[in-house]
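This report covers salt bridges, enclosed and open spaces, backbone angles and model confidence. The chain and its coordinates are shown below.

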Amino acid sequence: MHTTTTMIHAVSRTALRAPLLLALLSPLQMAAAAIPATPVKAAMPAPLPAAHVEAVRQMLSVVKGETLLQAAVKDNAALRPSQQALFKHLFATTTPQRQQELILRALARHLTLEEARSIAEAYATAPGQRALALPAGANQSDDVAAFNALPPALLLAGAVKAARPAIEQAANEWGADALHKLTETAVAVARLKIGDINRGDEYSAPVSIQYWSTRTGVAAADELALALVVCALKTDHANREFLLTAKEMAWGEMLWPANLASPEKVASSLRRLDLVEVAAGRYLTEQRAGFQQANDSFDKIDMPFDTGHVADAAKSLLPIVAIVDRFGKAQNAIIPAQRAILAFAAERPGQFSVKNDKLVIASKADERAFAALNKKLVAARALQSAR
């Protein structure tokens, strides 16, 4: 009589579930470190005197300078619809004072301190206020038309026209910076949601796709966060379903010595292994469909400015795709190797027994053959952890 110990281990929740789900978090946590480098800017012009800046600031407060910024953005034909939508959101959620600060220095380069004061004084009058209140393109009353022909109004119009390129540049830089912060917020909330998904009970009922409830108000940022969460939910669902099948089929116990020594249990294990194989195939199909859906979603996102987040999100899936591919290759080898061992035992009823929790094989030749089969299984398992 000869004794050998099978090298079969139960399916590990940590070995299967953790890498597939937690791998989604790591790339998201590195998103902040992957911000594209800020381009080198040209040398800044000489600083303006504080009194000059303050005079222009007071002028902008009087003339509602935020409307000058908003008009420059609205009339900028180079902006895409997604960019205009971003600015609409920013205008609605940012104070007038903040918007005025964005164009303050651009206008100050085209106005003297005295000119800024004269404009403020003129627009503080009743005709000036009526001129400001008149919608663009509306018919002007005689007093408004007369006011708009006065030097202060002409000075302001000329300064705005001359500063238009600088105003557009300031607006674009503001929009890109704001978008980056909003997207960071959306991704951070998505990361928290994914953490909740990872900590859930893997054997609870299948998770249904829950649409995003926390919104930044910017479509591109919210769409990116939603795509990441949906992908995590699909990954989690696929994991739960496969692990549930593995548990129900007692996949990790099929090659235990006591089971190999029983012809009835061997026959049952062969039937159940077929179901595990089907579940593994379904798991791979669902995972790959989830990755494809996520990438399709990324491709459809019209990010107003390139913050790098969409590219980072796509890259964050690559390690998970690699893990799933390794799982597929491993199962293509592991399950046939397990089936070969079970078939070997099925062909030798009464030749296997158990002593001190170890498998005892009656024939030395069978023991060598069994060892060879077990070696193939060990090699197959190594594929799952290979890099």
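Arg 348 has a relative accessible area of 22% and is therefore partly exposed. The model described here is predicted, and Arg 348 is a convenient place to begin its salt bridges. One partner of this side chain is Glu 347, with a distance of 3.4 Å from N to O. Glu 347 has a relative accessibility of 59%, so this residue counts as exposed.

Asp 366 also forms a salt bridge with Arg 348, and here the closest N and O atoms are 3.1 Å apart. Asp 366 belongs to helix H15 (residues 364-385), whereas Arg 348 sits in the loop between helix H14 (309-346) and strand S2 (352-355), so this pair ties together parts that are 18 residues apart in sequence. With a relative accessibility of 13%, Asp 366 counts as buried, because the cut-off for that class is under 20%. Another set of salt bridges, linked through shared partners, joins Glu 54, Arg 57 and Glu 101 into one network.

A further pair is Arg 130 and Asp 143, whose closest N and O atoms are 2.5 Å apart. Arg 130 is in helix H8 (residues 126-133) and Asp 143 in helix H9 (residues 142-148), so the salt bridge ties together parts that are 13 residues apart in sequence. Both ends are partly exposed: Arg 130 has a relative accessibility of 41%, and Asp 143 has one of 30%. The model has twelve salt bridges by the rule applied. Side chains of opposite charge can pair when their charged atoms come close. The pairs described above are listed here.

| Salt bridge | Closest N to O distance |
|---|---|
| Arg 130 and Asp 143 | 2.5 Å |
| Arg 348 and Glu 347 | 3.4 Å |
| Asp 366 and Arg 348 | 3.1 Å |

The next topic is empty space. Rolling a probe the size of a water molecule over the atoms shows where empty space is left. The largest pocket has a volume of about 790 Å³. Its lining is made up of 23 residues, and the closest to the pocket centre are Thr 67, Leu 68, Ala 131, Leu 134 and Ala 136. Helix H4 (65-74), H8 and helix H10 (151-198) are the elements that give two or more residues to this lining. Which of them gives the most to the lining of the largest pocket? H10 does, with six residues. By class, the lining of the largest pocket has 15 nonpolar, four polar and four charged residues. H8, which contributes to this lining, is also the helix that holds Arg 130 of the salt bridge to Asp 143.

Enclosed spaces are counted separately. The model has two cavities of 30 Å³ or more. The second largest cavity has a volume of about 40 Å³. Its lining consists of Ala 238, Glu 241, Phe 242, Ala 279, Arg 282, Tyr 283 and Glu 286. Helix H11 (219-248) and helix H13 (263-300) each supply at least two residues of the lining of this cavity. H13 has the largest share, with four residues. The lining of the second largest cavity divides into four nonpolar and three charged residues, with no polar ones.

Backbone angles come next. Most residues other than glycine have a negative phi, and most peptide bonds are trans. Ala 250 has a positive phi, near 50°. Ala 250 is placed in the loop between H11 and helix H12 (257-260). Asn 356 likewise has a positive phi, near 50°. The loop that holds Asn 356 runs between S2 and strand S3 (358-361). Asn 356 counts as exposed, because its relative accessibility is 68% and the cut-off for that class is over 50%.

Confidence varies along the chain. The mean pLDDT of the protein is 86, and 84% of its residues reach 70 or more. Over residues 1-40 the pLDDT stays under 50, and the model has 96 contacts beyond four places in sequence for this stretch. The pLDDT is also below 50 over residues 203-209, a stretch with 15 contacts in the model beyond near neighbours in sequence.

Conventions:
Residues are numbered from 1 along each chain as its sequence is written. This is a predicted model: local features need pLDDT of at least 70, side-chain atom pairs count only at pLDDT 80 or more; totals for chains, interfaces and linings use all residues. Side-chain values use heavy atoms; hydrogens and water are left out. A salt bridge is a side-chain nitrogen of Lys or Arg within 4 Å of a carboxyl oxygen of Asp or Glu. Buried means under 20% relative accessible area, exposed over 50%, partly exposed in between (1.4 Å probe, protein chains only). On a 1 Å grid over the protein atoms alone, a cavity is a set of points where a 1.4 Å probe fits but cannot get out, and a pocket is an open set with protein on both sides within 12 Å along at least five of seven lines; lining residues have an atom within 4 Å of a point. Grid points are joined across faces, edges and corners, and a volume is the space filled by probe spheres set on the points. Ala, Val, Leu, Ile, Met, Phe, Trp, Tyr, Cys and Pro count as nonpolar, Asp, Glu, Lys and Arg as charged, and the others, Gly among them, as polar. pLDDT is the predictor's confidence in each residue, from 0 to 100. Contact means heavy atoms within 4.5 Å.
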